[in-house]
Amino acid sequence: MQHEAQARSYLDRMTTIEKIGQLNLLAAGEGLATGAGAETPLARRLDDGMIGAVFGIKSLASAKAMQERAVRGSRLGIPLFFAEDVIHGHRTVFPLPVALACSWDMDLIEETAHFAAREAASEGLNQVFAPMIDVSRDPRWGRVAESPGEDPFLAGRIAAATVRGFQGTDPSEQDRVAACLKHFVAYGATQSGRDYDNASMALEDLLTVHLRPFADGVTAGAASVMAAFNAVNKVPMHANGDLIEGWLRSGQGFDGLMVSDYTGVMELTAHGIGNRDAAVIRALLAGVDMDMVGEDYLHALPQLAENGIDAADSGLSLGADEVLDLIDRACLRVLTFKARVGLLDDPFARLGGSVATPPRDEGLALAQKAAAQSAVLLHNNGVLPLSGEANPALVGPFVADRANMLGTWAVSGDAREVRTLQEAMEDITGRALPTAFGANIVDEPWLVDRLNVHGQTVSFDDRDPDDMIAEALDAARDADVVIAAVGEAKEHAGESSSRLVPDLPFPQRELLRALSRTGKPLIVLVFAGRPLALGPEVNDADAVIYCWHGGLRGPDGVADLVFGRSNPSGRLATTLPAHPAQTPLHHSEEATGRPDPGRFQKFRTGWLDLPDGFRGYPFGFGLGYSEIEYGTPVVNSAQISGDGQLQVHVEVMNTGSREQLETVQLYLSDPVAWITRPARWLADFRQVRIAPGATERVAFTITRGMLSYWVAPSLANATLEWDPGEFQIHIGPNSRDTKTVSLQWLE
């Protein structure tokens with residue numbers, strides 16, 4: 001209330017035009033003109049007080065200059081806030097969000113977010129457009145790279161941890177920034193894996209899967225939310241008042257700022273809901289407070305505030321007073337946000353260089369640790385870890401790569417600071433290692449051009465592919481083990497990077513086939529931005545590590561794993577399909593009347609042309625360098641009633657010779673319910689360190705709320721239901737390999 005009162009003290013003195021100006025969110029673009037040159041559009045907007053915020057600034061000096069101009073241009077001296085895409089780190093780039101999710105380590109995720117906040121705040125930023133918490137179950141969709149993976153429970157934990165890391169207890173603190181949950185909502189449920197496409201689903205799925213992470217992020221205190229590009233059940237999200245003003249604000253108590261995505265208000269016309277005036281009013285009615293880049297609010301609202309709108313074809317009829325009320329509502333939220341981040345107290349609080357830049361060495365050490373904990377060991381026949389005396393050959397298009405290691409949406413990172421895999425491994429071994437390129441990343445020149453859309457990250461060697469493979473075989477000839485670094489380019493994943501076939505590109509598969517024929521032990525390192533169907537060329541290797549795009553110190557973290565300096569602990573946050581067409585796919589699929597028996601059987605669900613026994617890697621899967629055994633879960637009562645709590649525990653034994661960080665996962669099933677339920681769903685998890693030869697007792701508490709589910713004849717009439725009867729508890733190291741106990745929970 002203090003921040004709102006502070007905001008109202010400005011709002012009550014503002015003209016309508018000044019209020020509209022606060023709703024305009026622009027990109028820094030060409031910035032401010034200097035010298036005798038012509039003024040830029042941004043500069044003119046600043047001089048007229050027609051900008052509420054700017055994103056994409058590249059320096060503290062630039063931010064300070066813009067703020068000075070904005071304060072002078074505004075009659076009441078209202079400052080800008082500054083925002084940026086800080087998706088997985090700022091200057092220090094951490095592993096991709098989907099990779100960090102594979103750590104299942106909320107302390108680590110919070111720590112990386114706090115470090116990013118420190119760097120961002122030191123450059124004058126007040127808000128970051130993160131975390132992206134779209135549950136993503138289709139590996140064809142490129143933005144799975146930015147996501148927390150396929151599970152809503154894990155995504156919700158990540159949303160809360162990231163918000164805590166960015167904001168702490170107060171986003172106005174000098175080393176904190178305001179978080180922005182995105183993209184609201186169901187952006188990851190795109191049809192056919194195509195970016196920007198729409199989503200249609202049962203309301204139960206919307207509530208259970210896609211809205212849950214936003215509820216958890218709001219509970220953690222997120223100061224802002226960004227609307228999604230897509231429509232949900234036929235209503236574009238930038239015009240979806242039922243979900244924004246209804247579910248989010250009234251239902252969850254969100255009292256922060258709602259911003260549009262890039263030209264999201266403008267795109268409502270292309271969605272087919274009316275002309276610019278109709279789009280502007282629909283967005284304001286829905287609760288979109290700021291218009292990013294398109295400037296439709298700025299251009300349309302002055303006249304609408306005078307005349308209102310009567311657009312029968314769009315179902316709109318509002319008088320001028322009603323439009324003015326909408327402008328006031330949005331402007332108050334913008335000003336309240338500025339008060340919350342401290343700008344109405346001091347517009348220059350973090351623009352004078354007083355916010356310390358965090359130590360670079362601290363960030364790089366954290367990035368290396370995060371890369372090691374995010375990588376997932378998928379297979380190991382005993383070849384890993386390598387000793388320091390091993391004599392490996394390094395082959396593959398990512399052995400000496402820097403440009404692709406940062407991954408997508410690393411807008412403030414510098415790939416020149418990446419240490420290559422070759423450099424990292426040669427530092428460990430203390431000697432030069434034989435290397436060879438071996439294959440192009442892709443073999444289609446037109447695709448190379450698309451992958452280099454933001455500057456060259458993919459080179460193309462026009463030698464005969466057989467000659468390149470021969471060079472790799474020559475490098476491997478005297479080695480005792482071959483390490484193949486394969487995968488995707490950074491622009492293979494990310495926004496507008498949907499793939500029809502999410503697998504390892506053909507020339508790299510050919511390289512792996514040739515290497516496997518040498519008889520040398522083969523270790524495959526997969527650097528990627530999405531879950532790929534690996535295929536037999538990878539799965540038949542002696543060891544496989546899914547490295548993702550690990551950021552500035554990704555190769556160092558992987559080298560630590562290969563040589564045993566770190567013990568693998570990553571667990572998949574998203575299923576790796578057996579075949580690239582086996583999508584969408586996730587661990588909590590609903591039961592069917594003709595369930596998959598685990599092999600092909602006519603008139604049962606499955607695929608005709610998928611060989612029996614050809615499986616991918618399930619959600620939650622990952623290995624370490626020690627053997628872990630699970631006992632049978634034990635419940636404190638096989639029958640319980642009422643609103644009590646059930647205790648369940650399991651004994652987890654480390655039968656190997658190394659300490660292991662184990663992620664113990666709890667899944668639940670409800671065999672009989674009002675509606676079709678998932679065959680199992682993730683309900684909790686614990687991470688425990690287990691010494692060699694030791695046994696840890698891992699306990700969970702189960703409540704009736706964990707067994708409840710949504711029934712939604714409409715969004716307004718959605719209710720949480722609970723059925724007494726039989727339930728099943730599954731505990732294990734992943735979503736597939738669990739041990740089960742049943743119980744009766746009665747009224």
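In what follows, a residue is called buried when its relative accessible area is under 20%. I shall use that term for several residues of this structure, which is a predicted model.

Let me begin with Pro 236. This residue lies in strand β8, which spans residues 235-236. Its relative accessible area is 3%, so Pro 236 is buried. Which residues are in contact with Pro 236, once its neighbours within four places in sequence are left aside? They are Asn 230, Ala 231, Leu 268, His 271 and Ile 273. As for the N-terminal part of the chain, Gln 2 is separated from Pro 236 by 234 residues in sequence, and the two C-alpha atoms are 34 Å apart in space.

I turn now to the sheet. Three strands form an open sheet in the order β5-β6-β9, and their pairing is parallel. The edge positions are taken by β5, residues 180-184, and β9, residues 257-259. Each of these two has a single partner strand, so one side of each is left without a neighbour in the sheet. From one strand to the next, the twist averages 25 degrees. Looking at one pairing in detail, β5 and β6, the latter comprising residues 224-227, run parallel and are joined by three bridges. Within that pairing, Cys 180 has Ser 224 of β6 as its bridge partner.

Next, the helices, starting with α4. This helix covers residues 60-73, 14 residues in total. From its first C-alpha to its last, α4 reaches 20 Å, close to the 20 Å expected at 1.5 Å a residue. Which residues of α4 are buried? They are Ala 63, Met 66, Gln 67, Arg 69 and Ala 70. The elements covering these buried residues include helix α3 (41-47), together with strands β2 (53-55) and β3 (81-84).

Finally, I come to a pair of helices. Two packed helices are described by the angle between their axes and the distance between the axes. For α8, residues 203-210, and α9, residues 212-219, the axes come within 5 Å and cross at roughly 45 degrees. How, then, are α8 and α9 oriented to each other? The two helices are oblique, because their crossing angle falls neither under 35 degrees, nor over 145, nor in the range of 65 to 115. On the α8 side, the contact is made by Leu 207, Thr 208, Val 209 and His 210, and on the α9 side by Arg 212, Pro 213 and Phe 214. By character, the residues of this contact divide into four nonpolar, two polar and one charged.

Terms used. Residues numbered from 1 in each chain as written. Predicted model: local features only at pLDDT ≥ 70, side-chain atom pairs only at ≥ 80, totals over all residues. Heavy atoms only, no water. Helix = DSSP H or I, 4+ residues; strand = E, 2+ residues; numbered from the N terminus. Expected span 1.5 Å × (residues − 1). Buried < 20%, exposed > 50% of the residue type's maximum accessible area, 1.4 Å probe, protein only. Contact = heavy atoms within 4.5 Å. Axes fitted to C-alpha atoms, helices over the stretch in contact; angles between N-to-C directions. Nonpolar A, V, L, I, M, F, W, Y, C, P; charged D, E, K, R; others polar. Pairing = 2+ DSSP bridges.
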